[in-house]
Structures are given as structure tokens and as C-alpha cells.
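Subject: Structure handover

Hello,

Here is the structure I promised to pass on. Please load it before reading the notes underneath.

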Amino acid sequence: MAAAAWERFVGHRWLPKAAVVGLAAVLVAAFVLVRSERRDAHNAGVLETACGGVLPRETVRGLLPGDETWELHSDLDLTGPSGRGPRTLVRCSLGWGGSGGLELAAVPVLDVPLSGVRPEDILSASTAKEPDWATAYRTATTQVTVGCPAGLPGYPRPVTRFRVHASLDHDDGSEAAGAAKELGTVVTAVADHVRDRGGCGGPAVKPSDVRPGPGRVTEDSDEVPRACRWFRPGMLDGKARGRDDREPRGFTGDDADVCSLTVPRAKPADRLDHFAGVTSVSWRGPLLPEARTAYGAELAALSPAPEPKSGEKSYVLAVWAESSCSGARTLSRVRVETAASALAAGRADRILDAYLASSDCRAVKVLGKVWK
């Protein structure tokens, strides 16, 4: 009976072929299922170990392509007791396919030693070349700078801040759209991990603290430095800078902002009135006490500052203010140099107001003025 059934099956026009196709489909489906399960298990293992296992797994899983096999290209966690201070606290790189990948790093903020806190000192230090690992945050999708009041161990000078930055790119190297919010959650988790393991103290990092990378700063750019973009030539009856005029110099940092520029006068009153000058500087954090010490004599001489006697070739008026800028206690100084004292006296307050407004400064208290 079985033999007869087999003969009828074999002799059927299409049934044997259909059976072979069905069997092949089952085998392929089983193979795909096994491969998928192995891939998922592999990817889960990668997430468990990457960055010391601190990554929020569901968030990262949603950012990465589920149909690809993820590879941990590099992984480092030196936030515990590690002797000498490492230049990289945490680093992990997850890749797939061609060149797509998630890059994340936490690095200490090693400030260039300042010879002083005056504008010329800060501008000189700002020209020092920083290593690539220290500037990678500028072009990251998202980044955060975190305070570490207790200091990171193992450094010859106090290191009281670190940065965490992350980027997510497609296979073609383009940045993944809409990833910043989810990456902010990842950056926050890693930042708190570094803060806790390093014994930093201070408040926990919030997702609202995370910001986009500020963008690459090019030394040869013709753009006005970010620290100087608040100024308008009309504030001192000036005109646009010409090709041969001195370029503005500026620096924007965590603890200080400095701008130094000259303004070509639109209608000079005499041969000494072709240019005016403005220098703005704000100090925050650890530079505050140093600034008060460096300018102690000038701060002690502040007053309503009546106009000086005429007859000088130029007049310099400095106006000081305390405020809260982006939530940080700030001390600011604006220096105005003009050929006529009346111009400096009449415009200094407005220039100071414009400068502080550009930095979102509140609770402003003008301390006074002094002629130099």
C-alpha cells in the first residue's frame, strides 16, 4: 500500500516538484531564523560590553540597524583608579556594514595653561594647537561638558571637567538625521557613569544639558570670531572692515570669552579719529578669583567716571559688570578706546548692554567705570 502511494506520488505531474520547493523553503526559513537569532545574540553581547556596559541598551538598539551585525571596533573604560590620568576616559566604537557606525568618547578637558587672565593672555593661549582627541567634540552629533568639582585623579594639574560626545553616521558617512535626541540619552548615561566612577561629586547630568557639537573652528576662516559677532560697527559710528584693516581676534571657552577688534570710523573728526577700539572679556568659574586679583586696582577705582580733561591723543574707558550668563556667575569688562572722550562716555553703556545681551546674561549689576 505504501509502495503504491509512493508510485502515485512520483508519477504525479507537479506534486514532487512542489514538495521539493516546500522543503527548500522550510530549510531556508530555518537557516534565516537561526542566523537571525545568532545575530541578535551577538548584537546583545556587544551592547552588554561596549563602554563598560553602561550604554542604555534599548536606546542604542533603536539607533542601530537591526538587520546588521554590529562589531565593537574599540572599547576603553579608564574611569576607575588607573594611576596616571588617561587622555581618554571612555571610548567605544560600534560599526556595521561599510563605514556606518556609532562613535562615543569621554575625554578630560585639559585647559592650556594661561600666563594670565587679561585678554591678551587668553588670546595668546587660544592659538595653541589642541590634539584631535580634544577637539573631536566640535563636529560630534551631540556633546556635553560636565563639571567634576572633586577633580579627576592622576593629573599634574587640577582637571575639574570632562566632555562626552557621540556621533552616528550612515554607511555613506553622512550623519544620521534625527539621532540627536536619542544620542543625548546615551551621552547622559555615559557622562553619569564617568562622574560616578571618577568620584566627581556635583549634580547629575540631565538630558537638557546636552548640546549639539559647536562645529569645526578653522583658523584660516574669514568669518568673524564667535566671541565678536555681537558687535556692530554702528555702535561707534563705524563702517565695515576693509581688506587691509586688522582682523578681529576672539576666543570662546568654558571659563572665558574674549574679543578684541578695531573699528574704522565712518566720518573721522580729525587725523587721530580714523579708528576706535573695543575689547570685551568675561570670566567664569575658576578664572573669577584670578580676574579679580589681576584687576584689583582697577576694580577698586571704579566710579561713575566723569569725563577726563581734553588734550589726549586717545581715551580709554573700561566699564565692569557682574551677571549670570547661561546660568553661570560671570564678571565682564568692556574696554572702549576712542579719539574723543565724549564718544566713549556716551556709548560704553550701550556697548556693554549689547555684549551681555548676546550671551543671555541676566541679573546684570553694573559695577562702575574707570578711565585708563
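Below are my notes on a pocket, the strands beside it in the list, a helix and one loop residue. Keep in mind that this is a predicted model.

**The pocket**

I looked at the second largest pocket. Its volume is about 300 Å³. The lining consists of 19 residues. Closest to the centre are Pro 119, Glu 120, Ser 260, Thr 279 and Arg 335. Four elements, α4 (119–126), β7 (256–264), β8 (275–284) and β10 (328–338), each give two or more residues to this lining. Which of them gives the most? That is β8, with 4 residues. Sorted by class, the lining has 9 charged, 6 nonpolar and 4 polar residues.

**The strands**

β7 is mostly covered, with 8 of its 9 residues buried. β7 runs antiparallel to β6, and 4 bridges join the two. One bridge pairs Phe 251 with Val 258 of β7. The connection from β6 to β7 is a hairpin of 3 residues. β7 also runs antiparallel to β8, joined by 9 bridges. Here Ser 260 has Thr 279 of β8 as its bridge partner. Both residues of this pair are among those closest to the pocket centre.

**The helix**

Next is α7, residues 287–294. Which of its residues are buried? They are Leu 287, Leu 288 and Ala 291. These lie on the same side of α7, because they cover an arc of only 105° around the axis. Their packing partners are β7, β8 and β10. These three strands also give residues to the pocket lining. The face of α7 turned away from the buried side carries Pro 289 and Thr 293, both exposed.

**The loop residue**

Last, Pro 214. Pro 214 sits in the loop between α6 (180–197) and β6 (249–252). Is Pro 214 buried, partly exposed or exposed? Its relative accessibility is 45%, so Pro 214 counts as partly exposed. Beyond its neighbours within four places in sequence, Pro 214 is in contact with Tyr 137, Arg 138, Gln 143 and Arg 226. Take Gln 143 from that list. Gln 143 is 71 residues from Pro 214 in sequence, yet their C-alpha atoms are 8.9 Å apart in space.

That is the full set of notes for now.

Best wishes

Terms used
Residues numbered from 1 in each chain as written. Predicted model: local features only at pLDDT ≥ 70, side-chain atom pairs only at ≥ 80, totals over all residues. Heavy atoms only, no water. 1 Å grid on protein atoms, 1.4 Å probe; cavity = no way out; pocket = protein on both sides within 12 Å on 5 of 7 lines; lining within 4 Å. Points joined across faces, edges and corners; volume = space filled by probe spheres on them. Nonpolar A, V, L, I, M, F, W, Y, C, P; charged D, E, K, R; others polar. Buried < 20%, exposed > 50% of the residue type's maximum accessible area, 1.4 Å probe, protein only. Contact = heavy atoms within 4.5 Å. Pairing = 2+ DSSP bridges. Arc of directions from axis to C-beta.
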